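Biologist: I am new to this structure and should like to go through it with you, one question at a time. Could you please display it first?

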Amino acid sequence: MTDDRTGQDVARAGSRSVERSSDVEQRQISNEARLIRGVFRAAGLAAGTVVRGSQWAVETTYEVTKEITQAALDGESSADIAERTGNALRSIARSALGVTEGSVREIVSYVPTSNGTPQPAAIGIGAPPHSASSEELRRRGDALLARSADVYFTEDVHPAYDRILDELAPDEARILRFMALNGPQPSVDVRTNRPLGIGSELVTGDLTSVPEQAGVRYPDRARTYLINLNRLGLTQVSDDPVVLSRYMVLEVQPVVEAALKKAGRAPKIVRKSLRLTEFGSDFCNTCFTIGN
């Protein structure tokens, strides 16, 4: 038994040994370190699966594990350790794995939060948008540059294709397949007619029968479909017209006739074309089965 005045432990006969608060804290830190190592071991297995066994991803996970475990042993608070654990897992998911946020469905099933309560670490469809800080954006940008210099990193398709598929309506997919099979399609603007074109006003622009020809289920949404396809960079309206005879069918469609009537006397028709962009063409060839 050691004297109380020495500041060391005292064991009295017939009673339990009294632990110092530092011993309790040290054991708590050790438990947290083991938990962190277990979490990152799971993340490392996920990394090895998604990146086809990439040694670079596994080594990245190992280095982060050592860093956070050392932080725990150095006496950082539980809140700091938990926060660093969550940040590191997100970094692995977005940077080390080299995939988009929409592609990562679940990396691990448990992540400790700063208050010590568990929360799911799944990233799924319909998740609220993540507002990234400038520091995080720079870290992700630097990770992209690092992968661009890695001769062992391969990327079969553009990473945006996964996100674009989630933002397409089924009818829009039909429109894309139709255009991939049939090429550029006629489109017209209807304008008022003024001498020498001075003061001519646009009545309705980018009129086309492509949605109807593609057999969409909701023709009343045709305009919205075309706007969305243009927003995604898959289609574009070009000033270059197609064969003149192809406009004869379009210009007798009800939507065009209504615009001509609205334009007044001797309206002017500007013939253009609707086309797939080069990006849109590659997207269709990658994501759809084109042809029979």
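**Salt bridges, a helix and two cores**

Modeller: A search of the whole of this structure finds five salt bridges. Please bear in mind that the model is predicted.

Biologist: Which residue forms a salt bridge with Asp189?

Modeller: Asp189 is buried, with a relative accessible area of 10%. Its partner counts as buried as well, at 9% relative accessibility. The closest N and O atoms of the pair are 2.8 Å apart, and the partner is Lys272.

Biologist: How many residues apart in sequence are the parts that Lys272 and Asp206 tie together?

Modeller: The side chains of Lys272 and Asp206 meet in a salt bridge of 2.9 Å, N to O. Asp206 is partly exposed, with a relative accessible area of 32%. Because Lys272 lies in strand β6 and Asp206 in strand β4, the parts tied together are apart in sequence by 66 residues.

Biologist: Which residue is linked with Arg163 and Glu167 in a network of salt bridges?

Modeller: Arg163 forms a salt bridge with Glu167, and their closest N and O atoms are 3.1 Å apart. Arg163 is partly exposed, with a relative accessible area of 43%, and Glu167 counts as partly exposed at 29%. The residue linked with these two in a network of salt bridges is Arg231.

Biologist: Why are the buried residues of α10 on the same side of the helix?

Modeller: An α-helix has 3.6 residues a turn, so residues three or four places apart point the same way. In α10, residues 254–263, the buried ones are Val256, Ala259, Leu260 and Ala263. They lie on the same side of α10 because the arc they cover around the axis is only 100 degrees.

Biologist: Which residues are exposed on the other side of α10, and what do the buried residues pack against?

Modeller: The buried residues of α10 pack against β3 (185–191), β4 (202–207), α9 (247–250) and β6 (268–276). On the other side of α10, the exposed residues are Pro254, Lys261 and Lys262.

Biologist: Which residue joins its side chain to that of Glu251 in a polar contact?

Modeller: Glu251 lies in the loop between α9 and α10. At 16% relative accessibility, Glu251 counts as buried, since the cut-off for buried is under 20%. Leaving aside residues up to four places away in sequence, Glu251 touches Val188, Val256, Glu257, Leu260, Ile269 and Arg271. The polar contact, of 2.8 Å, is with the side chain of Arg271.

Biologist: From which element does the largest share of the largest nonpolar core come?

Modeller: This core has 21 residues, and those that touch the most other members are Ile164, Leu168, Ile175, Leu176, Met179, Leu234 and Phe283. At least two residues of the core come from each of α5 (160–166), α6 (170–182), α7 (210–214), α8 (222–231), β6 and α11 (278–287). The largest share is four residues, and the element that supplies it is α6.

Biologist: How many residues make up the other core, which includes Leu250?

Modeller: In soluble globular proteins, nonpolar side chains tend to be buried together. Apart from the largest core lies another, with Leu250, Val256, Ala259 and Leu260 among its members. Val256, Ala259 and Leu260 are also among the buried residues of α10. The number of residues in this other core is ten.

Key. Residues are numbered from 1 along each chain as its sequence is written. This is a predicted model: local features need pLDDT of at least 70, side-chain atom pairs count only at pLDDT 80 or more; totals for chains, interfaces and linings use all residues. Side-chain values use heavy atoms; hydrogens and water are left out. Buried means under 20% relative accessible area, exposed over 50%, partly exposed in between (1.4 Å probe, protein chains only). The arc is that of the directions from the helix axis to the C-beta atoms. Contact means heavy atoms within 4.5 Å. A nonpolar core is a set of buried Ala, Val, Leu, Ile, Met, Phe, Trp, Tyr and Cys residues joined through side-chain atoms within 4.5 Å. A salt bridge is a side-chain nitrogen of Lys or Arg within 4 Å of a carboxyl oxygen of Asp or Glu. A polar contact is a pair of N or O atoms within 3.5 Å; within protein, one must be able to donate a hydrogen and the other to accept it, and residues adjacent in sequence count only if both atoms are side-chain atoms.
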